[in-house]
Amino acid sequence: MDQILFYLFSALALGSASYFVFAKNPLYAILSLIVTFFTIAALYILLNAQFLGIIQIIVYAGAIMVLFLYVLMMLNLNKEDESKKHNINKLVGIVAGGILFVGMLGAYKGLKTGVATKDVDVSVGLTKNLGKLLFNEYVLPFELASILILAGIVGAVLIGKKDL
């Protein structure tokens, strides 16, 4: 049953991601990206990484998608704006996609055919183990990242504020 769900969510993620790339309407593209984020979260949960699945929903499908929709509504993209785009952007996209395809093909050829399942630890993706790692071994980088985020927030407030 897990394998059927995995293939179903994988196909849905690939389909919605490809629709995101090829969609003409930006609103439909963003909605398909939301579907992609939810299916990736479902894949994380199927792979016993519940924390990553919930963070995927909260951060990406929640906050980032609200930001994308806000920017889309603020830009007010119209049909007449589409004709002003140059063909060089399409060429750059095709070249970048080709490079990505070659890299994925090289990674696929480097894979081993057999997967050893004897040494798999099923408790790897659990929140309890992640918390132990964050607050024992990686407490200094964790706190430095929080200070960096705080500095970014303070900088954004100072830039956004007109009168001090």
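In helix α3, the buried residues are G53, Q56, A61, M65 and L72. Bear in mind that this is a predicted model. Part of the cover over those buried α3 residues comes from α2. M65 turns up again in the helix geometry: α3 has a kink of about 30 degrees, centred on M65.

Here is how the two helices compare with their expected spans.

| Helix | Residues | Number of residues | First to last C-alpha | Expected span |
|---|---|---|---|---|
| α2 | 26–46 | 21 residues | 30 Å | 30 Å |
| α3 | 50–75 | 26 residues | 36 Å | 38 Å |

For α2, the distance between the end C-alpha atoms agrees with the expected 30 Å, while the 36 Å reach of α3 is close to its expected 38 Å.

Now for α2 itself. Its buried residues are A29, I30, S32, L33, I34, T36, F37, T39, A41, A42 and L43. Among the elements covering them are α1 (residues 2–22) and α3. So α2 helps cover the buried residues of α3, and α3 in turn helps cover those of α2, going by the under 20% cut-off for buried. After α2 comes N48, with a positive phi near 65 degrees.

T36 is worth a look of its own. This α2 residue counts as buried because its relative accessibility is 7%, and the cut-off is under 20%. Its side chain makes a polar contact with the side chain of S16, at 2.7 Å. Setting aside neighbours within four places in sequence, T36 is in contact with A13, S16 and A17.

Terms used. Residues numbered from 1 in each chain as written. Predicted model: local features only at pLDDT ≥ 70, side-chain atom pairs only at ≥ 80, totals over all residues. Heavy atoms only, no water. Helix = DSSP H or I, 4+ residues; strand = E, 2+ residues; numbered from the N terminus. Buried < 20%, exposed > 50% of the residue type's maximum accessible area, 1.4 Å probe, protein only. Polar contact = N/O pair within 3.5 Å; in protein donor to acceptor, adjacent residues only side chain to side chain. Contact = heavy atoms within 4.5 Å. Expected span 1.5 Å × (residues − 1). Bend = angle between axes of the 7 residues up to and from the residue.
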